[in-house]
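Subject: Handover of a predicted protein model

Dear colleague,

Please find below the structure for your records. My notes on what was found in it follow directly after.

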Amino acid sequence: MDVQLQELIDKIKKDGVASAESAAADIIAAAEKKAQAIVADAEEKAAAAKKAAKAETERMEKASKDAIAQAGRNLLIQFREGVNAQLNAIINAECAKAYDADLLKKLIPETVKAWASNGDADSVAVLLSEKDLKALEDGLKSALKSEIAKGCEIKADPTLSNGFRISTDNGAAFYDFSAEAVADLFAAYLNPVTAAILKEAAAGVKEGN
């Protein structure tokens, strides 16, 4: 009886130790698996964070480069517009200066006579600024006596400051020889040329960098 009891006790101990060892092994395996999952998750999050940080850095670098490029373009545009504005002011001033009384006294009769000789217009009117009309009216009437007899008129145009316009067919068409119109023609030519020069200069600066 004592022997059997001892065997039973030994068996219980043996089975208990085996069960405990098995449970311990399961716990260790589960812990290792969880640790591996934690490490893998941490590595994945670290990789994602690194990727996001790299993308954000690249985005900020691109945004900075774009901002610098845009600032450069704005500066060039501003400079070009400033140059063009100065050129336009010079052109306007020089054209206004060129349209003095002596030039108008010669140019208007020649233009009107050439126009009237075409015979295309039913009526011709010369439009001048009020100050030029007062200064030139008598001389123009004398120079255009024949044309005035045929219906040509010499009138003031409050919108004119320098130069003259020719109106045909009772105002149906205008041919603008004002200082402003001539200045616009010069400016239309010079502004693209100026833009091309500045563009070439900008390209040279870029290559130099």
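Glu-56 counts as partly exposed, at 35% relative accessibility; the term covers values between buried (under 20% relative accessible area) and exposed (over 50%), with a 1.4 Å probe and protein chains only. Its salt-bridge partner is Arg-59, with 2.7 Å from N to O; a salt bridge here is a side-chain nitrogen of Lys or Arg within 4 Å of a carboxyl oxygen of Asp or Glu. Arg-59 is likewise partly exposed, with a relative accessible area of 48%. Because Arg-59 and Glu-56 are three residues apart in helix H1 (residues 2–98), about one helical turn separates them. Helices (H or I, at least four residues) and strands (E, at least two) are DSSP runs, numbered from the N terminus.

Please note that this is a predicted model, in which local features need pLDDT of at least 70 and side-chain atom pairs count only at pLDDT 80 or more, while totals for chains, interfaces and linings use all residues. Residues are numbered from 1 along each chain as its sequence is written, and side-chain values use heavy atoms, with hydrogens and water left out.

Confidence and overall make-up

The protein chain averages a pLDDT of 75, and 78% of the residues score at least 70; pLDDT is the predictor's confidence in each residue, from 0 to 100. Among the elements, strand S2 (residues 153–156) has the highest mean pLDDT, 89, and H5 the lowest, 69. Where pLDDT is low, the predicted coordinates should not be read in detail.

The secondary structure comprises five helices and four strands, which run α-α-β-α-α-β-β-β-α from the N terminus on. Of the 209 residues in the protein chain, 19% are buried. The accessible surface comes to about 15000 Å², and carbon and sulfur atoms account for 60% of this; the areas come from the Shrake-Rupley method with a 1.4 Å probe, and for residues only the protein chains shown count as cover. Among contacts (heavy atoms within 4.5 Å) with a separation of 6 or more, 71% are between residues 24 or more positions apart.

The nonpolar core

The largest nonpolar core has 18 residues, of which Ile-108, Val-112, Val-126, Leu-128 and Ile-154 touch the most other members. At least two residues of this core come from each of helix H2 (101–118), strand S1 (124–128), helix H3 (130–143), strand S3 (163–168) and H5. A nonpolar core is defined as a set of buried Ala, Val, Leu, Ile, Met, Phe, Trp, Tyr and Cys residues joined through side-chain atoms within 4.5 Å.

Leu-128 lies in strand S1 and is buried, with a relative accessible area of 0%. Beyond four places in sequence, the residues that Leu-128 touches include Ile-108, Leu-133, Leu-140, Ile-154 and Phe-164. Leu-128 and Pro-158 are 30 residues apart in sequence, yet their C-alpha atoms are 8.2 Å apart in space. Ile-154 is in contact with Val-126, Leu-128, Leu-133 and Leu-140, among others, when neighbours within four places are left aside.

Leu-140 also appears in the surroundings of Lys-105, a residue of helix H2: outside its neighbours within four places in sequence, Lys-105 is in contact with Leu-136 and Leu-140. The C-alpha atoms of Lys-105 and Leu-140 are 6.8 Å apart, with the two positions 35 residues apart in sequence terms. Lys-105 is partly exposed, at a relative accessible area of 47%.

Further salt bridges

The structure holds five salt bridges. In helix H3, Glu-137 and Lys-141 lie four residues apart, about one turn of the helix, and their closest N and O atoms are 3.1 Å apart in a salt bridge. Glu-137 is partly exposed at 24% relative accessibility, as is Lys-141 with a relative accessible area of 41%.

The side chains of Arg-165 and Asp-157 also meet in a salt bridge, 3.0 Å from N to O, and both residues are buried. Salt bridges that share partners join Asp-157, Arg-165 and Asp-176 into one network.

Kind regards
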